[in-house]
Amino acid sequence: MLLSKKTHLEQETSISDNPEPRWDIFSAVVDNYGDIGVCWRLARQLVAEHGLRVRLWIDDLTSFQKINPEIDPRSPVQVSRGVEIRKWAESNLAVEPADVVIEAFACELPAAYVASMAKSGRRHAWVNLEYLSAEGWVDSHHGLPSPHPRLPLIKYFFFPGFSPSTGGLLVEKNRLVQRALFKADSQLYTAFWQELGIPIPEKNEVRISLFCYDNNAAISLFTDWAKGATSVMCIIPEGVATTQISAFFGEPLPVKGNLFQNGSLIVRVLPFLEQDRYDKLLWACNFNLVRGEDSFVRAQWAARPMAWQIYPQEAGAHWPKLRAFLDRYCADLPKPTAAALNSFFEAWNGGGSGVPDWESLWRHRTALENHAQEWANRLIKKEDLTTNLVKFCNNKLK
Ligand code: TRH
């Protein structure tokens, strides 16, 4: 049954008279946090910067709560940051379909919802938001239509990417300005660490964030950092690299406690941070180890040296994706720096020697730092993903 009247929530939020197209974003948590991470950023940016009315459908509110503590996992309908959040459940789906419908990462819309789009008598912009890839084929696939086999509907493929022929990258307006202010303002910087209950870095200390999949190469990094002459504090989210923390520090599993020390290395384990706070952590660290898709993009906006563990796929399908990124990222780096970064990425992803060489990489610290800044400055000149997506969908609605 379709709801012909405004829902209670719509009446309450007084945005129901907004003449702009309404958006529904569907997100299924496959595993991990990347799908909801991307959709949550997109949804709030659509509201905050484009004044749009957005419903975000999510099948796993508990995972969502990890990156947005405002979420009540028991509540089927709630509002956070101006976004209407709906539990993606059969019982909740009796709604009029929105004008713009985003199917994130091929999560497959409910059949009844698709049928009601076809019956609505209105135009819909139906978009499959794809995973990010730096590969060249993305340019020619971005924006391609896929007509529905039976219904009078067309779904379009929207690819994030690094070249101007793709949908671009997610980034909020002013994000780089906020980051620059944060870096320049010692009070903001100090307050950030105080809020986390972590002392500000000592002089010459190297502060590193580490977010990875199950990765034994972490043990060799711990070893290098512990033996090194420089103090290193490595900040790790709860539940990440626990096997490696246990193996290196000789702690039985499940690892208890949140502070471990060996030689020059201190490891601090933190609960998951709210998403904007996680961004700040990336701004505040000297080096970021990130993974998947969203933290990988955020590490680039942080304009700090970084290494990426790509989401591993069967039969090594992720390697071309990783190399395509490295080709772009390293194109303007001095050759020895590019070589060190390439081998580090390769080993961090279980290839090459399998042992990431920290010392050889960090020798290039200054070049890596300058490059990270230039890379972010270059990327920000391109239109952001949300603006591109809004334009794309508005065109389809004409
Ligand atoms: O969690 P991920 O491994 O997600 C992955 C990838 O998206 C991958 O491509 C996809 O196929 C798979 O999920 C299903 O890594 P990612 O993409 O970095 O997402 C993590 C999100 O969690 C991101 O939005 C940042 C957020 N986050 C926080 O908000 N707070 C934190 O403390 C941490 C560590 C992460």
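**View 1. Ser-246 lies in helix α9, shown here in a predicted model together with the loop residue Glu-251.**
Ser-246 counts as buried, at 12% relative accessibility, because the limit for that class is under 20%. Glu-251 sits beyond the helix, in the loop that runs between α9 (242-249) and β11 (259-262), and is partly exposed, with a relative accessible area of 28%. The two residues meet through a polar atom of the Ser-246 side chain, which lies 2.6 Å from the backbone oxygen of Glu-251. Setting aside neighbours within four places in sequence, Ser-246 is in contact with Glu-251, Pro-252, Leu-253 and Val-255. On the same basis, with residues up to four places away left out, Glu-251 touches Ser-246, Lys-256 and Phe-260. For orientation in the whole model, the C-alpha atoms of Glu-251 and Ser-80 are separated by 39 Å, the two residues being 171 residues apart along the chain.

**View 2. An open sheet of six strands is arranged in the order β11-β12-β10-β9-β13-β14.**
The pairing in this sheet is mixed, and its edges are formed by β11 and β14, each of which has a single partner strand, so that one side of each is left without a neighbour in the sheet. Direction ignored, neighbouring strands are turned by 15° against each other on average.

**View 3. Strand β13 (residues 287-291) is largely enclosed by the rest of the structure, because five of its five residues are buried.**
Both faces of β13 are covered, with Phe-287, Leu-289 and Arg-291 buried on one side and Asn-288 and Val-290 buried on the other. Strand β9 (residues 206-210) runs parallel to β13 and is joined to it by three bridges; in this pairing, Phe-287 is the bridge partner of Ile-208. Strand β14 (residues 306-309) also pairs with β13 in the parallel sense, here over four bridges. Between β13 and β14, Asn-288 stands opposite Met-306, and Leu-289 has Ala-307 as its bridge partner.

**View 4. An open sheet of eight strands has the order β3-β4-β2-β1-β5-β6-β8-β7.**
The pairing is again described as mixed, and the edge strands are β3 (77-80) and β7 (145-147), each of which pairs on one side only. Neighbouring strands of this sheet are turned by 25° against each other on average, with direction ignored. At the β7 edge, three bridges join β7 to strand β8 (residues 154-158), and these two strands run antiparallel; Ser-146 stands opposite Lys-155 in β8. Helix α16 packs on the sheet, where it touches β1 (22-27), β5 (100-104), β6 (125-129) and β8, and its direction makes about 145° with that of β6.

**View 5. Arg-55 is found in strand β2 (residues 53-58) and makes a side-chain contact with Asp-24.**
Arg-55 is buried, with a relative accessible area of 7%, a value that falls in this class because buried means under 20%. The contact that its side chain makes with the side chain of Asp-24 is a polar one, at 2.6 Å.

**View 6. Helix α2 (residues 34-50) and helix α16 (residues 385-397) cross at roughly 75°, and their axes come within 10 Å.**
The two helices are therefore roughly perpendicular to each other, since angles from 65 to 115 degrees are placed in that class. On the α2 side the contact is made by Leu-42, Gln-45, Leu-46 and His-50, and on the α16 side by Leu-385, Thr-386, Thr-387, Leu-389 and Val-390. These residues divide into five nonpolar, four polar and no charged.

**View 7. Helix α2 also packs with helix α10 (residues 275-284), at an angle of about 105° and with the axes 11 Å apart.**
This angle makes α2 roughly perpendicular to α10. The residues that make the contact are Gly-37, Trp-40, Arg-41 and Arg-44 of α2, together with Gln-275, Asp-276 and Asp-279 of α10. Sorted by type, the residues of this contact comprise one nonpolar, two polar and four charged, whereas those of the contact of α2 with α16 include no charged residue.

Key
Residues numbered from 1 in each chain as written. Predicted model: local features only at pLDDT ≥ 70, side-chain atom pairs only at ≥ 80, totals over all residues. Heavy atoms only, no water. Axes fitted to C-alpha atoms, helices over the stretch in contact; angles between N-to-C directions. Parallel < 35°, antiparallel > 145°, perpendicular 65-115°, else oblique. Contact = heavy atoms within 4.5 Å. Nonpolar A, V, L, I, M, F, W, Y, C, P; charged D, E, K, R; others polar. Pairing = 2+ DSSP bridges. Buried < 20%, exposed > 50% of the residue type's maximum accessible area, 1.4 Å probe, protein only. Polar contact = N/O pair within 3.5 Å; in protein donor to acceptor, adjacent residues only side chain to side chain.
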